[in-house]
Amino acid sequence: MTTSDTYSTEYDVIIVGGGVTGAGTARDCAMRGLKVLLVERNDYSTGATGRNHGLMHSGARYAVTDGESAAECIAENRVMRVIAHHCIEQTDGLFITLPDDDLEYQQTFIQACQRAGIDAQAIDPAEALQLDPAVNPDIIGAVRVPDAAIDPFRLTVANLLDAQLHGAVTLNYHEVEGIIMQQNRVTGVKLFNKLDGTHVEVHGHVIVSAAGIWGHRLAQMAGVDIPMFPARGALLIFGPRINRMVINRCRKPSNGDILVPDGTVSVLGTTSDRIPLEAIDNMRVTREEVDTLLAEGKKIAPQLARTRIIRAYAGVRPLVASDDDPSGRSISRGIVCMDHAQRDGVEGLVTITGGKMITYRLMAQAATDAVCAKLGNTAPCTTADTPLPGSDTPADKQDNDTTRYSFAQRAAIGRHGSLAAKCDSQDDIDNALVCECEGVTVGEIKYALKDLHVFNLVNLRRRTRLGMGNCQGKLCSCRAASLLALYHHDVKRAQVDLANFLDERWKGMRPVAWGDTLREAQFTASIYQGLCGLDTAINQQQGQQEDKA
Amino acid sequence: MSNNSTIIIGGGLSGLTCGLALAKRGHSVTILSGGPSTLLFSGGSMELLGAIDGQPVGRPLDAIPSLPDCHPYRKIGTERIADLAGQARELLNDTGITMTGDAATNHWRITPMGITKPAWLTLNENFKIDDLNNLPVRNIALMAVRGFFDQPNGMLAQGLRDLGFEVKVIEFTTEEISSLRRSPTEMRATTLAKRLLSQNALQRIADQVNALAGDAELVLLPSVFGQKNDDSVQTLQSLCHKPLRLIATLPPAVAGMRMQAQLLHYFMMLGGDYRTGESATGGIIENGMLTGVTTLKSGTTPLVADNYVLATGAFVSRGLAADERHIYETVFDLDVDADEDRDHWTRFDVLEPQDYWSYGVATDESLRCFKQGSRVENLRAIGSVLSGHNAIKMGDGTGVSMLSALAVAQDILAGK
């Protein structure tokens with residue numbers, strides 16, 4: 001929420017981008033005593049943060065091709081298990097060798113893992129099948145690694161909450177329209193507030209661009225060129241969940257060779273295609289991407305052929321070519337932190353990009369170090385040792401007697417950790433379930449509206465998982481829209497919001513609209529359009545707006 | 001060739017309507033029901049034709065001739081539709097489903113979100129409006145059940161105010177309601193209807209209505225009364241001092257569940273054979289004739305009749321299905337009217353008319369089906385499994401279900 005001095009304050013640092021890297025940077029800067037503003041043009045975690053695999057890499061996938069990234073991954077993997085355990089499901093992972101694959105690669109792989117400090121153990125294929133019966137029974141080799149599943153939405157929110165607890169101001173739906181410069185120094189940003197349509201200027205000593213693939217546009221506003229190489233990856237969500245562990249294929253990284261369990265579903269990915277910069281906002285998943293993933297996915301877990309595909313989505317990796325290799329032939333997935341004073345003669349601007357979701361904290365540390373160096377701040381980084389809100393009780397000391405809790409309370413604790421206590425549960429109505437698939441109560445929605453920057457149903461989905469389960473929001477979206485209408489005292493807005501939410505769900509379903517997914521789509525349309533007439537209401541609203549115009 | 005028996009595959013609105021029309025005339029009918037039908041979404045209205053190209057239709061019978069030739073109404077024949085619509089209404093009345101409305105002129109039903117949509121027939125107990133320029137009352141008390149989320153009261157109240165009503169939203173609860181809310185998941189319209197059957201439970205609701213409705217001319221309540229018949233509604237009205245009308249809720253809907261029960265009850269009274277859990281699995285087609293239907297229960301021994309009627313519904317009811325490559329009919333793999341390219345099944349925006357909604361089995365003018373291009377003489381299709389209509393955008397779903405069912409029953413009885 002904005003207050004009267006939100007915009008007039010002169011900040012030490014303005015962070016642009018509300019993905020996990022920006023959120024982590026805001027947290028680190030705030031913990032080192034800086035006056036922090038974070039701005040995000042859409043909702044938090046809408047870019048690559050919300051469009052990846054939800055895989056907490058052990059680093060094994062990069063061990064052979066990129067030892068440096070692998071070592072970063074395993075180090076951060078260990079840190080996350082302590083500071084963010086409420087965002088993690090400790091599944092472990094398997095790297096399986098199929099009859100078509102070269103079994104000799106397994107040895108190369110294990111040795112590379114050991115060099116990077118990753119505990120990779122070859123196990124008997126029969127044992128692998130016992131550990132996870134979803135694995136293709138024809139495997140000829142298996143290696144166990146400390147991969148895990150991590151919820152990037154939850155991780156981002158936890159970082160934002162902690163940044164706020166340390167005094168940071170964070171604003172979603174604030175888009176940077178321009179950079180304010182005095183000679184060769186960046187001194188602030190021009191913002192467009194999408195919620196109320198106003199334009200404002202905010203000043204700060206250092207600007208950090210944590211805008212992912214969109215960072216090149218921000219840099220351009222300051223007259224700086226960053227050689228970005230957008231690499232698009234598509235993924236498929238299957239439900240209900242079929243695998244216990246992360247299943248990887250033990251070969252050189254390729255299409256559709258990782259299956260990650262994620263709560264109630266399984267996520268198969270990814271593809272990797274270089275796309276032009278103009279195409280980074282087009283997230284439509286193509287038929288070719290779907291077919292490629294399906295063909296490869298069935299090889300690692302044959303049961304996928306008989307499991308419903310709930311939706312498809314795509315994200316863009318913010319890869320950067322190193323300055324001495326502008327062709328981009330040897331693009332690393334490592335961390336890139338640029339001080340544009342040294343590189344381009346533009347003072348007060350730092351870009352943090354590249355990296356992996358799992359190395360966001362290291363990226364935040366690098367960016368914060370660069371900011372602190374400019375400001376003469378010598379406070380040390382403490383983010384690796386300080387648990388995030390929700391993980392403040394160590395995992396092994398947590399109350400594990402979940403029998404005392406309801407399904408919804410367990411789900412809320414899973415999502416918010418120790419903050420779940422903030423969900424109202426005073427009466428039967430607070431405890432009533434709005435989303436039955438994911439166990440979201442009225443109390444949890446009230447908490448999200450109050451504390452988690454929720455303006456619409458899509459925000460609510462990202463904070464609580466409402467509508468993300470098997471039914472994809474069939475009934476809960478109307479119930480939640482109804483609650484939002486009461487909260488905002490605005491029925492028309494709630495109807496538009498509901499239509500947008502259904503559209504956002506449909507965008508992911510359409511590329512895989514056959515089988516039960518097509519059936520669910522017709523079911524949802526029958527309820528919201530046929531029975532309720534939501535389409536009529538939206539058309540009428542649009543008609544009225546055109547009349548006014 | 002004998003012509004005394006019919007097997008209907010599918011026990012929803014179209015299957016039951018066809019079965020009733022046949023059984024009434026002494027014909028031997030077996031209905032195979034594979035599972036719940038889409039009647040359970042129904043808020044208590046039937047639609048003949050609600051909209052063409054997004055524009056509401058005021059006079060459906062007049063608009064039918066402008067529909068494309070592939071529409072089931074056009075196959076049945078425009079001149080027959082008015083007659084069949086009259087029969088449909090009579091048949092509903094016979095079962096105890098008391099509806100008002102007129103096939104010549106649509107009225108407006110009020111949706112659970114407070115939006116008005118054109119309708120042909122609506123349950124007497126539901127709130128409906130004949131003329132939006134001439135409202136029947138001014139002051140409305142909208143009685144909202146506390147903790148019941150399947151009626152979005154804010155939207156409903158706003159929708160009614162936009163029409164020109166003065167609306168007071170009054171939240172209330174009773175012992176029965178609040179005890180149900182103690183469960184986090186059980187507060188649905190149909191479970192409420194089960195709890196609100198006894199005279200005492202209804203009296204407590206009436207007490208609240210009588211105490212709280214103030215100067216309202218009309219009291220609106222959610223449709224949560226009477227699962228098997230409208231006795232509870234009648235009792236409640238007799239206990240309330242003001243006129244009551246009900247508003248449809250989100251599914252599972254009480255009105256739909258009740259209509260299903262009443263249609264079924266009447267079908268059994270007429271001696272019809274209704275088999276639940278008998279999902280049809282297939283049948284052999286030889287020399288243009290279906291020789292029998294196999295079901296999950298019958299195993300390999302087929303059930304045999306003179307005529308067969310396919311009433312299995314669309315994708316929602318699994319009468320139609322799709323895999324990565326094709327749209328297909330699920331029981332006999334009959335010929336379908338559907339695009340072969342999966343990219344053409346759907347549109348990018350969720351509110352656009354989706355092409356697959358109009359897909360269905362291919363039929364001739366007599367609604368007989370085809371397999372690999374050859375007509376199957378003793379197999380006809382009715383209801384949502386038919387191609388060429390669009391229940392969601394055109395508001396023709398329940399009309400097509402009932403009228404195609406009656407047309408086919410008429411043809412079977414006439415030995416056509």
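**Exercise 1.** In which loop of chain B does B:Pro252 lie?

*Solution.* This model is predicted: local features need pLDDT of at least 70, side-chain atom pairs count only at pLDDT 80 or more, and totals for chains, interfaces and linings use all residues. Residues are numbered from 1 along each chain as its sequence is written, while chains are lettered from A and ligands numbered from 1 in the order in which they are written.

Step 1. Helices (H or I, at least four residues) and strands (E, at least two) are DSSP runs, numbered from the N terminus.

Step 2. B:Pro252 is placed in the loop between E14 and helix H10 (254-269) of chain B.

Step 3. The peptide bond from B:Pro251 to B:Pro252 is cis, with omega near 0 degrees. In general, most peptide bonds are trans.

**Exercise 2.** Describe the surroundings of strand E14 of chain B.

*Solution.* Step 1. A residue is buried if 20 or more other C-beta atoms lie within 10 Å of its own, exposed if 12 or fewer, and partly exposed in between; C-beta atoms are placed from the backbone.

Step 2. Strand E14 (residues 244-247) of chain B is covered on both faces: B:Leu244 and B:Leu246 are buried on one side, and B:Arg245 and B:Ile247 are buried on the other.

Step 3. Two strands pair if DSSP finds at least two bridges between them. Strand E13 (residues 218-222) of chain B runs parallel to E14(B), and four bridges join them. B:Val219 stands opposite B:Leu244.

Step 4. Between E13(B) and E14(B) the chain passes through helix H9 (residues 231-239) of chain B, in a right-handed β-α-β crossover. Right-handed means that, with the strands pointing away from the viewer, the path from the first strand over the helix to the second runs clockwise.

**Exercise 3.** Explain why one side of E3 and of E6 in chain B is left without a neighbour in the sheet.

*Solution.* Step 1. The open sheet has three strands in the order E3-E9-E6 (chain B), with antiparallel pairing.

Step 2. Strand E3 (45-46) and strand E6 (99-101) of chain B stand at the edges, and each has a single partner strand, so one side of each lacks a neighbour in the sheet.

Step 3. E3(B) is joined to strand E9 (residues 121-123) of chain B by two bridges. B:Ser45 has B:Thr122 in E9(B) as its bridge partner.

**Exercise 4.** Describe the contact between chain A and chain B.

*Solution.* Step 1. Two residues are in contact if their C-beta atoms, placed from the backbone, lie within 7 Å. The contact takes 47 residues from chain A and 40 residues from chain B.

Step 2. Among the elements that give two or more residues to the side of chain A that touches chain B are helix H15 (491-509) and helix H16 (515-531) of chain A. The largest share of this side, 11 residues, comes from H16(A).

Step 3. Ala, Val, Leu, Ile, Met, Phe, Trp, Tyr, Cys and Pro count as nonpolar, Asp, Glu, Lys and Arg as charged, and the others, Gly among them, as polar. The side of chain A that touches chain B has 26 nonpolar, 13 polar and eight charged residues.

**Exercise 5.** State the phi of A:Ser45 and decide whether A:Ser45 is buried or exposed.

*Solution.* Step 1. A:Ser45 has a positive phi of about 55 degrees, although it is not a glycine. Most residues other than glycine have a negative phi.

Step 2. A:Ser45 lies in the loop between strand E2 (36-39) and strand E3 (55-56) of chain A.

Step 3. A:Ser45 has 26 other C-beta atoms within 10 Å and is therefore buried.
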